[in-house]
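Hi everyone, thanks for coming. Have a look at the sequence and the structure on the screen, and I'll talk you through a few places in it.

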Amino acid sequence: MDAVLEIEFPVITKGRINQEEIEYARMKISKTLLHSSATVTHATVRLTREPDPARDRPAIAEATLNMKGRVIRAHVGASAMTEAIDLLDARLRRRIEEANDRRRALSMRHRDDGPGEWRHGAIPSERPARFERHIDERELVRHKSFAVAHQTIDEAAFDLEALDHDFFLFRDERSDSDAVIWRFEGHYGLIEVDPDASPAPDTVADVEQMSIPVPTIDVEAAIEHLDVEGGPFVFFLNEETGRGNVVYFRYDGHYGLIEPAE
């Protein structure tokens, strides 16, 4: 069993966050790190209080850990900051335990699980509501995918849950092409560039292969699709790079773009 590296971690704040809330977050997350069996080499906690009083859950708490090279992330929202920190701590503890159990979970072929069990307990928890920003005020924020060069669908599903994302862009090792997996009606949906070119998924996770066309367009056109369709994201082939990209609505109301890390 690996020993947890006791580390100091920053607590980054935005908005009106008092010192008691900072110390409470530090105390809660420190205990979680110290009682886990995984080696944590780096951690960051972020506390945000949104200024809009009309928001149902203006207190947002986030954490990012590096566990032996694997990124673990948790993101929650609540009406009060201490409540958000408690939810973050519970969710983060669960993510760490799930990471330790990854090999066992991926090797389990016969199971009788309740709702959300294979998904590592990731039945949706309290998430911050998306801010309805006017279209003229939205900006594009770019990020690189955390995915490794090639992954199985099960590995991508695990990373989706470990990172606490709603969808995950990865390189499917079956087809050697970009794909997206996301939470879909109690299980997972899978979008591939050419689903007919690869065999049907043989997975531990409950995955539905979707027949959704993947357009070859530029980022601006993908954003137009997102605005018109109003869905959570648009998966497309970037006509400049030939790689799969995803545009989506961020919680702050801006556009996000995920593109493969080279």
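Let's start with Arg 73, which counts as buried because its relative accessibility is 18%. Buried here means under 20% relative accessible area, exposed means over 50%, and partly exposed is in between, using a 1.4 Å probe and protein chains only. One thing to keep in mind is that this is a predicted model, where local features need pLDDT of at least 70 and side-chain atom pairs count only at pLDDT 80 or more, while totals for chains, interfaces and linings use all residues. Residues are numbered from 1 along each chain as its sequence is written, and side-chain values use heavy atoms, with hydrogens and water left out.

So where is Arg 73? You'll find Arg 73 in strand S4, residues 70-78. Strands (E, at least two residues) and helices (H or I, at least four) are DSSP runs, numbered from the N terminus. Leaving out residues up to four places away in sequence, Arg 73 touches several others, including Arg 95, Ala 162 and His 165. Touching, or contact, means heavy atoms within 4.5 Å. Glu 62 is also on that list, and the side chains of Glu 62 and Arg 73 share a polar contact of 3.1 Å. A polar contact is a pair of N or O atoms within 3.5 Å; within protein, one must be able to donate a hydrogen and the other to accept it, and residues adjacent in sequence count only if both atoms are side-chain atoms.

Ala 162, one of those neighbours of Arg 73, takes us to helix H4. Helix H4 covers residues 153-162, and 9 of its 10 residues are buried, so the helix is largely enclosed by the rest of the structure. Among the buried ones are Ile 153, Phe 158 and Leu 160. After H4 comes Asp 164, with a positive phi near 65 degrees.

Now, the core. In soluble globular proteins, nonpolar side chains tend to be buried together. Here the largest nonpolar core has 28 residues, and Leu 33, Val 45, Leu 47, Leu 65 and Leu 88 have the most contacts inside it. By nonpolar core I mean a set of buried Ala, Val, Leu, Ile, Met, Phe, Trp, Tyr and Cys residues joined through side-chain atoms within 4.5 Å. Helix H2 gives the largest share of this core, 6 residues. If you pick out Leu 47 and skip its neighbours within four places, its contacts include Val 11, Ile 22, Ile 60 and Ile 85.

Next, a sheet. Four strands make an open sheet with mixed pairing, in the order S6-S7-S8-S9. S6 (167-172) and S9 (207-210) are the edge strands, each pairing on one side only. Two strands pair if DSSP finds at least two bridges between them. S7 (residues 177-184) and S8 (residues 187-192) run antiparallel and are joined by 6 bridges; Arg 183, for instance, has Tyr 188 in S8 as its bridge partner.

Is Ser 177, over in S7, buried or exposed? Ser 177 is buried, because its relative accessibility is 17%. Its side chain makes a polar contact of 2.7 Å with that of Ser 175.

To finish, the whole chain: 5 helices and 13 strands, with buried residues making up 47% of its 262 residues.
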